[in-house]
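Please examine the sequence and the structure shown below. The paragraphs that follow consider strand pairing and then helix packing.

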Amino acid sequence: MQSFPYLAVFRRWIKDKFNSETKAFNKAIQPKMIPVQSHHTFLSEDFLLKNEYAKILYHDYAKDLPIIDYHNHLPPAEIRQNKKFENISKIWLAGDHYKWRAMRTLGVNEKYITGNASDPEKFEKWAYTLPYTMRNPLYHWSQMELKRYFDVDDLLGPNNAQEIYFKTTEMLQEDRFTTQQLLERMNVELICSTDDPTDTLEHHEAYFHSKGLVQLYPAFRPDKSFAIENPENYRAYLEKLSDRVGFEINSFDTLIEALSNRVEFFHSRGCRLSDHGLEKLVYSSDSRLSADGILQKVLRGNIPSPEEIEYFKFKVLKKLAKMYHAKGWVQQFHLGALRNTNSRMLKVLGPDTGFDSIGDFDQAIALAKFLNELDSTDQLTKTVLYNLNPRDNEVFATMIGNFNDGSVKGKIQFGSGWWYLDQKDGMEKQMNTLSNMGLISCFIGMLTDSRSFLSFPRHEYFRRILCNLFGQDVENGELPWDEKWLGKLITDICYHNAKNYFDFSLSNYRI
């Protein structure tokens, strides 16, 4: 029987369709092959840089700029002594309450955090913890620090903890791992420590005469001078301050005289900044209260009322702020932290051990009134405001514009993301808010706010995030690709704005 041609065509069509659908089915049910990213490419040279514009801005303009770290908590004694650390636990884990909080969250016993476990044991517990910190900035920071300082490419975890502990500890015995060498290797040009008015600044003086390459300056932190909440502690502090200035502090006037004395002393040692850690700025115009009367009450051991505390703080801060203006200093206000919330652990470990959080204080009204009080007599000095609660970003970003008077570029600054906001999302939100409501081109950039000599890759982290923000805007068509101009803005934010904002001059350092 003769077949019709169309039947053969039909049979081929059926066969091809069956084969095609079978292939599609097999493809759908088989596991997808995801390319495995080598951990060696995790922290690549283009880490956090999402397009070619961001890469050019970072590698050609930001990467190699010196660092001006105008606020940190590094011990001046350890810089002056050019200290070497016994092991990586001593330099990396001791005092780092960011890491401590993560370890506690994971259920690590306090023995391995602040307790009496050995340094290798503490490091092993941190190595166990680190893989669990993914998506927390600790994961980025820790791996960056191991890579930048110790050339460790492997990701730290329980399996290589012992190897990395001994490798890094051995390296720390080399001369290139002294405190001064660590700062120089990160291209740090200048740092400001944080110092109480009673400090002698002897380590700053000795370091200055040793002619170290990294400039070291003090910053005036007088919080204890108005902390009258605890009369017993406050009286003890006044005794210490009295010993330092050589006269008894028994009145509000003598307190202000003592602080003025210390401001003058700090200024002669190169200090050009003050700093204050407050829940919120204070303002009080209650005519029924007297600063001297409140001080006398505290000197007798009586606990002041909340209204008296606020009034006293305002009066002291106002006097101090006018001193700063007279000296041409920059004043910094770190606002919004709710400190020492865990009374049980405070008794055991003391403050600054990882039991502080973001507070929800009303910031705007008192902040505006305090700044206006100084501006009304043209005694408002250059000011940096740091916000800890992201809900208040717009408050701070608009507040600075109220008191920028054209006398100085960026006179009032919305400071970089601080503490819990010192991470990618927090920094991006701070910079986007500043861009939307002010001029990010006037921004004085990043600082470490750290107690660790291994924390300076945070400047790199910030610079990568900054360059990526600009690069993404260019890619989206929201900014023109004017490389030279954008490069200038990047270098200004990363270095030149801070360099010009602060009056650091060795010619003014009188010893």
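How many bridges join β2 to strand β3 (residues 215–217)? Three bridges link these two strands, which run parallel. This is a predicted model, in which local features need pLDDT of at least 70 and side-chain atom pairs count only at pLDDT 80 or more, whereas totals for chains, interfaces and linings use all residues. Residues are numbered from 1 along each chain as its sequence is written, and side-chain values use heavy atoms, with hydrogens and water left out.

Strands (E, at least two residues) and helices (H or I, at least four) are DSSP runs numbered from the N terminus, and two strands pair if DSSP finds at least two bridges between them. Strand β2 also pairs with strand β1 (residues 67–69), in the parallel sense and over three bridges. Ile191 of β2 stands opposite Asp69, and the bridge partner of Ile191 in β3 is Leu216. Five of the five residues of β2 (residues 188–192) are buried (under 20% relative accessible area, 1.4 Å probe, protein chains only), so this strand is largely enclosed by the rest of the structure.

The helix packing involves α16 (residues 364–375) and α17 (residues 393–403), whose axes, lines fitted to C-alpha atoms over the stretch in contact, are 11 Å apart. The angle between them, taken between N-to-C directions on a range from 0 to 180 degrees, is about 20°. The two helices are therefore roughly parallel (an angle under 35 degrees). Their contact (heavy atoms within 4.5 Å) includes Leu367, Leu371 and Asp375 of α16, with Phe396 and Met399 among the residues of α17.

Definitions and conventions. Parallel < 35°, antiparallel > 145°, perpendicular 65-115°, else oblique. Buried < 20%, exposed > 50% of the residue type's maximum accessible area, 1.4 Å probe, protein only.
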